[in-house]
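Work through the exercises below with the sequence and the structure at hand. Try each task before reading its solution.

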Amino acid sequence: MSARLGGSVPLRSGSRSTQMALSSKWANPVQDFVPVSRCSDPCSPGSWKKGKPTIHTCCYDCVLCPEGEISNITDSESCIKCQNDKWPNEKKEQCLPKVVEFISYQNDTMASVFSCISVFGCLVTGFTFGIFISYRDTPIVRANNRNLSYLLLVSIFLSFLSVFLFLGRPNDVTCRLRETSFGFFFSVAVSSLLAKTVMVCVAFKSTKPGSTWRKWLNVKLPYTIVLLCSSLQVVICAFWLSISPPFQDLDAESYPGILIIQCNEGSDIWFYSMLGYLGLLAAVNFVLAFLVRTLPDSFNEAKYITFSMLVFISVWISMIPAYLSTRGKTMVAVEIFAVMASSAGLLGCVFFPKCFIILFKSGMNKKTELLGKRKE
């Protein structure tokens, strides 16, 4: 019995040592682990779980969030779409504000260039106006109604000045002013040139003996032409502003990550009606000036009007397709370029030849010279 008991002691002793060895093995932190059973790795933020066509729900693929969406947790079931004014960061973990685009006065070379050109155009126009005021009693200034020349110079000056309405962050007020101001200013300018051309034609016709055209040679005719032609443009703009005026528009769809702040025309019909009427005035003026361009020297201003209308029409015909095919700052830049090029074309073609004669060829600024009776 003692032998049985003695034999049992080593057995219990051995079992205790075995248990202690096993417990010390599992207690080792290096070898301590919890088994994981899954067939897919966790999806990091910026992606979402797309289930595989299996019976196991733990099997899935990690798919990056679509453009414009994020996920900010691990193993996201779906992605969250950012707001219109925000865009995902590079890892698609959070939504950040979009880059706002417009022609800004701050750190924008385009705004600086346009501002300098506009100011320069205003200064040149003012200088030309000063020359015409100083030499207002000379034959070359009086030849084709100097008051119409003054009105034309003022409208060109305001056209150059209207460029500043296109710069800076647009709002509803500036959008309505910018789209209608250049239409009105140019309608006054082209109407003034049309009145000049009509007066050239009437004056030449009235020189014939017994001509019935002499009754049209009065002070009111040119101003009536300017008033009527400009008033029609005012009516078009008034209907446009009352029915569907331009307004500030936020374009978040054209370019990823960019929020374009621009002007919406409101009604395309009225916008193109305004441009169409302006083009009609220019076309009529061009045809009439072209027909009377070969009249005697005292009426040769028609030649300059023909060139100015050719430049004007060419600029706006090329502007329309470029305007329709661009977005954001480029679209505004096209419109600004059209305004400045048209103003410069009118100023250069109509007034620079006269200023050159006044300043450098004073001998030609005589009545006999204008009538073509140059002395040998």
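**Exercise 1.** In which helix is the place of Phe356? Then classify Phe356 as buried, partly exposed or exposed, and describe the nonpolar patch on the surface.

Solution. The model is a predicted one.

Step 1. Phe356 has its place in helix H9.

Step 2. Take the relative accessibility of Phe356, 45%. Buried means under 20% and exposed means over 50%, with partly exposed in between. Phe356 therefore counts as partly exposed.

Step 3. A nonpolar patch on the surface is formed by Phe127, Tyr135, Phe356, Leu359 and Phe360. Together these residues have about 550 Å² of accessible area.

Step 4. Ask which element gives the most to the nonpolar patch. The element is H9, with three residues.

**Exercise 2.** Find the salt bridges, and say where the partners of the pair Asp108 and Lys329 lie.

Solution.

Step 1. The cut-off is a side-chain nitrogen of Lys or Arg within 4 Å of a carboxyl oxygen of Asp or Glu. By this rule there are two salt bridges.

Step 2. One of them joins Asp108 and Lys329, whose closest N and O atoms are 3.4 Å apart. Asp108 lies in the loop between strand S7 (99-101) and helix H2 (109-134), and Lys329 lies in helix H9, so the pair ties together parts that are 221 residues apart in sequence.

Step 3. Compare each partner with the cut-offs. Asp108 has 10% relative accessibility and so counts as buried. Lys329, with a relative accessible area of 23%, is partly exposed.

Step 4. Arg146 forms a salt bridge with Asp137, and here the closest N and O atoms are 3.2 Å apart. Arg146 is partly exposed, because its relative accessible area is 27%. Asp137 is exposed, because its relative accessible area is 56%.

**Exercise 3.** How many cavities of 30 Å³ or more does the structure hold? Describe the lining of the largest cavity.

Solution.

Step 1. Rolling a probe the size of a water molecule over the atoms shows where empty space is left. The structure holds two cavities of 30 Å³ or more.

Step 2. The largest cavity has about 70 Å³ of space. Its lining is made up of 14 residues, and Phe102, Ile103, Pro170, Ile261 and Val332 lie nearest the centre.

Step 3. Strand S9 (258-264) and helix H9 (329-360) are the elements that give two or more residues to this lining. The largest share, four residues, comes from S9.

Step 4. Sorted by class, the lining of the largest cavity has eight nonpolar, three polar and three charged residues.

**Exercise 4.** Which residues line the second largest cavity, and how do they divide by class?

Solution.

Step 1. About 40 Å³ of space lies in the second largest cavity.

Step 2. The lining consists of Arg178, Glu179, Cys263, Glu265, Tyr323, Met331, Val332 and Glu335.

Step 3. At least two residues of this lining are supplied by each of helix H5 (172-205) and H9. H9 gives the largest share, three residues.

Step 4. The lining residues of the second largest cavity divide into four nonpolar, no polar and four charged.

**Exercise 5.** Place Ile236, Lys81 and Tyr255 in their elements. Classify each by accessibility, and give a distance from each to a second residue.

Solution.

Step 1. Ile236 is part of helix H6 (residues 220-243). With a relative accessible area of 15%, Ile236 is buried. Along the sequence, Ile236 and Gly183 are 53 residues apart, while in space they are 9.9 Å apart, C-alpha to C-alpha.

Step 2. Lys81 has its place in strand S4 (residues 80-81). Lys81 counts as exposed because its relative accessibility is 59%. Lys81 and Gly68 are 13 residues apart along the chain, and 6.0 Å separates their C-alpha atoms.

Step 3. Tyr255 is in the loop between strand S8 (247-251) and S9. Its relative accessibility is 37%, so Tyr255 counts as partly exposed. Tyr255 and Arg327 are 72 residues apart in sequence, and in space 9.1 Å apart, C-alpha to C-alpha.

Technical notes: Residues are numbered from 1 along each chain as its sequence is written. This is a predicted model: local features need pLDDT of at least 70, side-chain atom pairs count only at pLDDT 80 or more; totals for chains, interfaces and linings use all residues. Side-chain values use heavy atoms; hydrogens and water are left out. On a 1 Å grid over the protein atoms alone, a cavity is a set of points where a 1.4 Å probe fits but cannot get out, and a pocket is an open set with protein on both sides within 12 Å along at least five of seven lines; lining residues have an atom within 4 Å of a point. Grid points are joined across faces, edges and corners, and a volume is the space filled by probe spheres set on the points. Ala, Val, Leu, Ile, Met, Phe, Trp, Tyr, Cys and Pro count as nonpolar, Asp, Glu, Lys and Arg as charged, and the others, Gly among them, as polar. Patches are made of residues with over 30% relative accessible area and no salt bridge: like charges are joined within 9 Å, nonpolar side chains (Val, Leu, Ile, Met, Phe, Trp, Tyr) within 5 Å. Accessible areas come from the Shrake-Rupley method with a 1.4 Å probe; for residues, only the protein chains shown count as cover. Buried means under 20% relative accessible area, exposed over 50%, partly exposed in between (1.4 Å probe, protein chains only).
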